Amino acid sequence: MKRFVVLLGAISLFVPSFAHGAKVKIGFVNSITGPEAPIGENLTNGVTLAVEDLKKKGIEVDLVKEDDTGKPETSMSAFEKLATRDNVTGIVGPYSSKCAAALAKLAEKYKVPLLIPVASKDDITRQNLKWTFRLSATTNDYAMVLLDMATKLGKPKTMAIINENTDFGTSGAKSAKEYAAKKGLSVVAEEAYAPGSPDYRSTLAGIKAKNPDLVFMVSYVADAILLMRQSRELNLVPRAFLGAGAGFATVQFAKEKDISNDVFSSAQWTPDVSWPGAKEFNERYKARFGKEPTYHATTAYESMRIMAETAAKAGGSANRTRDLLKRGKWNGIMGEVKFADYDGYTNQNKHPMLVQQIQNGVHETVYPPQYAPKKPVYPFPGWGK
Amino acid sequence: MAIFVQALISGILIGGVYALIGIGLTIIFGVMRIINFAHGDILMIGMYATYYLFTLLHIDPFLSVVITIPLMFLFGAMLQKVFINRALDALPQNQILLTIGLGLIMSNSVMLAFTSDYKILTTRYSSSSVTILGISVSSPLAISFAITAAITAALYWFFLKTDTGQAIRATAQDREAARLMGINVRKMSTIAFGLGAALAGTAGALIAPTYYIFPQVGSIFTLKSFVITVLGGMGSVVGATLGGVLIGVAESIGGVYFGSGWKDVVVFTLFLLVLLFKPAGLLGKSRT
């Protein structure tokens, strides 16, 4: 008994020291399993590093992780659990656009601020939703930066679009088509495929017959690899393969050198970009997880950092957190972040996009020139060259 | 024209593998009058076996068929002995529930063990192709088609020339009469289910290098194999072969001329037309 009292005393001595560091409860919805899990893993790693860094700054994050398995209905029940049972101050996530689109409406309903790190379907922040914030650029920007680059490098006239028929895919294809019209490119083929039927030979054969200068693709990892594999099989040789981020920006894709070399991909972040802390983050991440971080990891890191710091400042009040997110301004590994209302967007960060090209199995930043240490290879030299 | 030939060849190559899946289902149905709704899931297990034989033991996916075939045969025989046998005389809906249940258990166990992440097999020749007269043929697909053709030929020989093969056919024709003639009907059922599972598993092994692998991949193939066997005529091995190639070609041509979103529409329209004009399937005999 006496020992117990001593123990209690000892504990009580430590308690005040904890009280100095702010404690915040943040939810994190992500594709931990399911088809998008290989990309989801990057987000989880980014958040892990963010939580460690926040602890060093005295912010204790009580992180509640939920797996959406890549399905909107699962992500919705995860959100409801976080908002009603766990009573979190804010939520970071989810990865994919289809889940994010579903959660944006729930954030409004439950009045819990949602910070979307990287899901990029345009419409998500175009519905005048007050509780949804987005750090990354939108699919509009994915297409714009790629077509800007392609039209500067050469004089392409025709373009084919291949996309997955989900939210991210169709919205990417739609903005590519609109922007192509502005740039004077004619879209000669548009193919939307259903994920899970990975034989694209007939689709690609049809595209090859139209002989487009550019092939623009919006796909996740497994499809990105198979699309390029079968393009090679059929000897489809446009002037450039343009991948709208996602599957094309992953290390797994870059590693398949036979099929990924010289493919362009738009990216929200690259390790060699000149934003504060980007290079250090890259080194730390590699040392910790044994692989290169993708932009998914950095957007997740930065989103978690911003959300937790803001929540701590707001003293755990969801309402105040939202106000502070709206008014705040940050500068970190993703460059300057500010959630603004413009061009029909609400709470959208105007994030500058970059273009990478896979050269010898590594993603190299090649555009825009002010951030890019390497020169792009254009036109596509052909298979096995 | 070149596109048409290209689509036709891709379709036939894929169709070969579809045929293998269909033959497996049709044998099981022929002998036991059971529709195996776990067929796609057995195929999925074949895919995973191939994937791990390749990544852990570095056995080439096409060579690993030598291991996959007996392994899947034993797996199928076990399923028959332990589960299917008990439901042979049960109501058809109970048999359907049994096989659906077995399929669910398989896909969910695999998900538990290996997560639902998509896996992709990358071999040296994954993206290589041969060009003949301007038509490019995917090497892995061509190899898998060759193996499929060899297995199908061996199967025909087995059914026509060997005693066991003839006994299986006799069982399929008339279970009671076969029993009266001294055929061990139970043993034939076990062999038939083993064969069916081995064929599905082999099909899984053969498409593993060109598809992606995930626990729920089976449902796509269960539906496909069902369409193939009904199209060809339930219980007819030749019909399943024909049905498989036909579906492969329809998908491929539909993808080129109607767009990839429409290829299933082409397949099912074809399916409905066959059912309308020849309800027993292309080579099926109506049992009245």
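Here are legends for three close-up views of this predicted model.

**View 1. Helix 9 of chain B meets helix 10 of chain B.** Let's start with a pair of helices in chain B: helix 9 (residues 217–232) and helix 10 (residues 237–258), whose axes sit 7 Å apart and make an angle of about 120°. That makes helix 9 of chain B and helix 10 of chain B oblique to each other, because an angle in this range counts as neither roughly perpendicular (65 to 115 degrees) nor roughly antiparallel (over 145). Their crossing is right-handed. On the helix 9 side, look for K224(B), V227(B), I228(B), T229(B), L231(B) and G232(B). Helix 10 of chain B answers with residues including G239(B), A240(B), L242(B) and G243(B). Sorted by class, this contact has seven nonpolar, five polar and one charged residues.

**View 2. Chain B touches chain A.** Here 26 residues of chain B are in contact with 32 residues of chain A. On the chain B side, the elements giving two or more residues are helix 1 (2–32), strand 3 (135–138) and helix 10. Helix 1 of chain B provides the largest share, with five residues. As for the mix on this side of chain B, 10 residues are nonpolar, 15 are polar and one is charged.

**View 3. Helix 8 of chain B, end to end.** Helix 8 of chain B covers residues 185–207, which is 23 residues. At 1.5 Å a residue it should span 33 Å, and its end C-alpha atoms are indeed 33 Å apart, so the two values agree. Is helix 8 of chain B mostly buried or exposed? Of its 23 residues, 20 are buried, so helix 8 of chain B is largely enclosed by the rest of the structure.

Methods: Residues are numbered from 1 along each chain as its sequence is written. Chains are lettered from A and ligands numbered from 1 in the order in which they are written. This is a predicted model: local features need pLDDT of at least 70, side-chain atom pairs count only at pLDDT 80 or more; totals for chains, interfaces and linings use all residues. Axes are lines fitted to C-alpha atoms, for helices over the stretch in contact, and angles run from 0 to 180 degrees between N-to-C directions. Helices (H or I, at least four residues) and strands (E, at least two) are DSSP runs, numbered from the N terminus. Angles under 35 degrees count as roughly parallel, over 145 as roughly antiparallel, 65 to 115 as roughly perpendicular and the rest as oblique. A crossing is left-handed if the near helix is turned anticlockwise from the far one by less than a right angle, and right-handed if clockwise. Two residues are in contact if their C-beta atoms, placed from the backbone, lie within 7 Å. Ala, Val, Leu, Ile, Met, Phe, Trp, Tyr, Cys and Pro count as nonpolar, Asp, Glu, Lys and Arg as charged, and the others, Gly among them, as polar. The expected span of a helix is 1.5 Å times one less than its number of residues. A residue is buried if 20 or more other C-beta atoms lie within 10 Å of its own, exposed if 12 or fewer, and partly exposed in between; C-beta atoms are placed from the backbone.
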